[in-house]
Amino acid sequence: MMEFLVDIDGKIYEISELVTSISWNDRLNDGCSKLEFSYIDDDLIIENGSTVSFKYNDVKMFYGVVFNVGMNKSKEIKVTAYDQLRYCKAKDTFASGRATVTTLVNRMCNYFGLLKGALNDTKYILATDVYDNMTWLDIIYSAISKTLQNTGRFYALRDEFGAISIRDIEELKLNLILGDESFVYDFDYGKSIDDGFYNLIRIQDKNNAQFIEVEDKKSINRYGLLQYFNVASEKMNASQIKSMADTLLKLYNQEVESLTLKCLGDTRVRAGSSFYGQIEDIELNKRLIVRSATHEFMPVHTMSLEVML
């Protein structure tokens, strides 16, 4: 059972019986979530700026603002709404002090007047930096990436039914199995070294005018030399840079696998969630993090999940 409410100029309409299709897409640290729906009604005109609230079986799925409205010849009205993170696509330039991901998210929410939810303390203090002509989302994602590279802790920025949150991926684990014998009816799988694969890490230490390198010769002999390069912060000493290079090699020196599962729907699953995957044909038997989730709610609830392997 679903509850679909639209607030137009302060007047709330229940349109569950009018809706003909609903699709909700959510991506891990890749912009805002998007709700697309259509309905047929000659009298109700949803306008851009209206707010949308969608619950499915009493689970709070989406709360956001309408950004696009259109109509076709059969008078079917198509609507696209985004959550609060849509506003954080705005570019800006500023210098940050010694901040954590959490303090940057607080700053972003205060600047745009966004409602805040659970903001985990990410603790790792980033080096002072200047962000020039970057979107706020890219600034936060860059901070999350640096935190991951230096601590191994991974965080998700997302809107949880109208509340901006920072979540440790570890706390988003679900007690759920998806696979051959449980909910999955199709899948697509592949392996690649085309993007995100590196077997030589080369970091420039500007303090000593030298480069620090770590490599995997066995991997280079097999795949060819694929180099990652970056410039270390002046705050880092040689030992810290070597440690960072070792972490990066561990992260990147492995073939990039891709897997999309087509399953029966489960309202607990969204980007950043993890579950246990079991598919015999590709010898899959491990926990998986959801990179992208698309839920379709009509005529039955199904979901397409792109996962991290």
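1. Start with N199 and its neighbours. In this predicted model, N199 touches V214, E215, D216, S219, I220, Y223, G224, L225, L226, L249 and N253, leaving aside residues up to four places away in sequence. As for where it sits, N199 is in the loop between β14 (184–192) and β15.

2. Is N199 buried or exposed? Its relative accessibility is 0%, so N199 counts as buried, the cut-off being under 20%. Two polar partners are worth a look if you're checking the side chain. One is the side chain of S219, with which the side chain of N199 makes a polar contact at 3.3 Å. The other is the backbone nitrogen of L226, which lies 2.9 Å from a polar atom of the N199 side chain.

3. On to α4, which supplies L249, one of the residues that N199 touches. Helix α4 covers residues 238–252, 15 residues in total, and spans 21 Å from first C-alpha to last, close to the 21 Å you'd expect at 1.5 Å a residue. At its start, a side-chain oxygen of N237 comes to within 3.1 Å of the backbone nitrogen of S239.

4. Which residues of α4 are buried? They are I241, M244, A245, L248 and L249. Looking down the axis of α4, these buried residues fall within an arc of 140°, so they line one face of the helix. The face turned away from that buried side carries the exposed residues S239 and K250.

5. What do the buried residues of α4 pack against? Their partners are one helix, α2 (136–151), plus the strands β15 (200–205), β16 (210–215) and β17 (227–231).

6. Now the sheet that α2 also packs on. This is an open sheet of three strands in the order β9-β12-β11, with mixed pairing. β9 (116–119) and β11 (155–159) are the edge strands, and each has a single partner, so one side of each has no neighbour in the sheet. From one strand to the next, the twist averages 20°.

7. A bit more on the pairing: β9 and β12 (residues 164–168) run parallel and are joined by two bridges. Within that pair, L119 stands opposite I166 of β12.

8. Finally, the helices on this sheet. Helix α1 (residues 101–112) lies across β9, β11 and β12, and runs at about 180° to β9. α2 touches β11 and β12, with its direction at about 155° to that of β11. Since you'll want to trace α2 in the viewer anyway, note that α2 packs on this sheet and is also a partner of the buried residues of α4.

Note on methods:
Residues numbered from 1 in each chain as written. Predicted model: local features only at pLDDT ≥ 70, side-chain atom pairs only at ≥ 80, totals over all residues. Heavy atoms only, no water. Helix = DSSP H or I, 4+ residues; strand = E, 2+ residues; numbered from the N terminus. Expected span 1.5 Å × (residues − 1). Buried < 20%, exposed > 50% of the residue type's maximum accessible area, 1.4 Å probe, protein only. Arc of directions from axis to C-beta. Contact = heavy atoms within 4.5 Å. Polar contact = N/O pair within 3.5 Å; in protein donor to acceptor, adjacent residues only side chain to side chain. Pairing = 2+ DSSP bridges. Axes fitted to C-alpha atoms, helices over the stretch in contact; angles between N-to-C directions.
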